[in-house]
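Colleague: Before I use this model, I should like to know what justifies the terms applied to it. Please set each value against its definition.

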Amino acid sequence: MRNLFDLTGKTAWITGASYGIGFSIAQGLAAAGAAIVFNDINQSLVDSGIEAYKEAGIDAYGAVCDVTDEPQVQAFVAAVAEKFGGVDILVNNAGIIKRIPMTEMSAEDFRKVIDVDLNAPFICAKAVIPRMIEKRGGKIINICSMMSELGRETVSAYAAAKGGLKMLTRNIASEYGEFNIQCNGLGPGYIETPQTAPLRTPEHPFNKFIISKTPAARWGTTDDLVGPAVFLSSPASDFVNGHVLYVDGGILAYIGKQP
Ligand code: NAP
Ligand code: GCO
């Protein structure tokens, strides 16, 4: 049974993993035996990320790469191929959100969110798939969201991106499954990270709202995502393809606690 979750000999690229969900997923994949490579958008963040991995006992390879820039992504993937023999597991984690009422949101801001949250997963998957085909095997995990299924005020760009990411996941699964490449989504609920910090202040109404909408009656932590990420990265999920695994404490199953 242990071998089903063993990632020894595999190289995992988690995009935007200097901290937050990506960093925790990287720790989990490393604990399962994977070599970790990561990127960030400037050297100081890469350096701090490398230090953070060292403190966690992980000798990670990090480099500057803006995942929205295809030449930078292609160069990053080529460097990883030279150093590690290629990416076996891609976790498309890097993401941004802009919480602006749609009628007040500029087209530029809308495009920025789509660029990072949807175009970049396409660019990164496109860069790693050819070598996965050569190897006849690979895992691609797209970090989706509750907003892959639900809308809410002020997150139109993010919901459009994450909804698109769910369908990109299904399409990669459909197009490349015959090469033993599995592409699945991981859909966190509401997780305690810097991205949701503005929503979790004690006086913010959204804080109580989310707890009332979550059967687990709590915000998720990045640790809650580690086991599901290891599962989707490992041989245990070799016949799971095009699926979005929601790790949400039950939000999507629940109408919400009566006030
Ligand atoms: P976070 O704390 O804001 O971290 C986002 C990461 O993405 C950072 O490392 C950031 O690096 C990186 N990034 C952003 N733009 C980038 C770019 N152009 N190129 C490279 N890296 C870039 O977010 P998080 O909460 O950990 O979320 C991680 C993922 O989970 C996102 O896709 C998010 O949509 C998704 N998600 C989050 C939640 C939640 O409740 N937190 C729930 C569902 C899904 P910089 O610091 O350099 O910007
Ligand atoms: C928001 C939150 C959410 C979370 C996550 C939920 O403003 O609604 O930021 O979008 O980030 O995506 O799964």
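**Terms and their grounds**

Colleague: What makes the approach of ligand 2 to the side chain of Gln 195 a polar contact?

Modeller: An oxygen atom of ligand 2 lies 2.8 Å from an N or O atom in the Gln 195 side chain. A polar contact between ligand and protein is a pair of N or O atoms within 3.5 Å, so this pair qualifies. The side chain of Ser 145 has an N or O atom 2.6 Å from an oxygen atom of ligand 2, and a backbone N or O atom of Met 146 is 2.8 Å from such an oxygen. The protein covers 96% of the 330 Å² of accessible area that ligand 2 has on its own (Shrake-Rupley method, 1.4 Å probe).

The model is predicted: local features need pLDDT of at least 70 and side-chain atom pairs 80 or more, while totals for chains, interfaces and linings use all residues. Residues are numbered from 1 along each chain as written, chains are lettered from A and ligands numbered from 1 in written order, and side-chain values use heavy atoms, without hydrogens or water.

Colleague: Which residues are counted around ligand 2, and on what ground?

Modeller: A residue counts if one of its heavy atoms lies within 4 Å. For ligand 2 this gives 13 residues, the closest being Arg 99, Ser 145, Arg 152, Tyr 158 and Gln 195. By class they are eight nonpolar, three polar and two charged.

Colleague: How many residues surround ligand 1, and which are the closest?

Modeller: There are 28, with Tyr 19, Asp 40, Asn 93, Tyr 158 and Thr 193 the closest. Their classes are 16 nonpolar, nine polar and three charged.

Colleague: How do you know that ligand 1 makes polar contacts, and how much of it is buried?

Modeller: An oxygen atom of ligand 1 is 2.7 Å from a polar backbone atom of Asn 93, and a polar side-chain atom of Lys 162 is 3.0 Å from an oxygen of ligand 1. A nitrogen of ligand 1 lies 3.2 Å from a polar backbone atom of Val 67. Alone, ligand 1 exposes 900 Å², of which the protein buries 92%.

Colleague: Why is the pair of Asp 109 and Lys 98 called a salt bridge?

Modeller: The term requires a side-chain nitrogen of Lys or Arg within 4 Å of a carboxyl oxygen of Asp or Glu. The closest N and O atoms of Asp 109 and Lys 98 are 4.0 Å apart, and therefore the pair is counted. Asp 109 belongs to helix 4 (residues 107-135), whereas Lys 98 lies in the loop between strand 4 (89-92) and helix 4. The whole structure holds eight salt bridges.

Note on methods: A polar contact is a pair of N or O atoms within 3.5 Å; within protein, one must be able to donate a hydrogen and the other to accept it, and residues adjacent in sequence count only if both atoms are side-chain atoms. Ala, Val, Leu, Ile, Met, Phe, Trp, Tyr, Cys and Pro count as nonpolar, Asp, Glu, Lys and Arg as charged, and the others, Gly among them, as polar. Helices (H or I, at least four residues) and strands (E, at least two) are DSSP runs, numbered from the N terminus.
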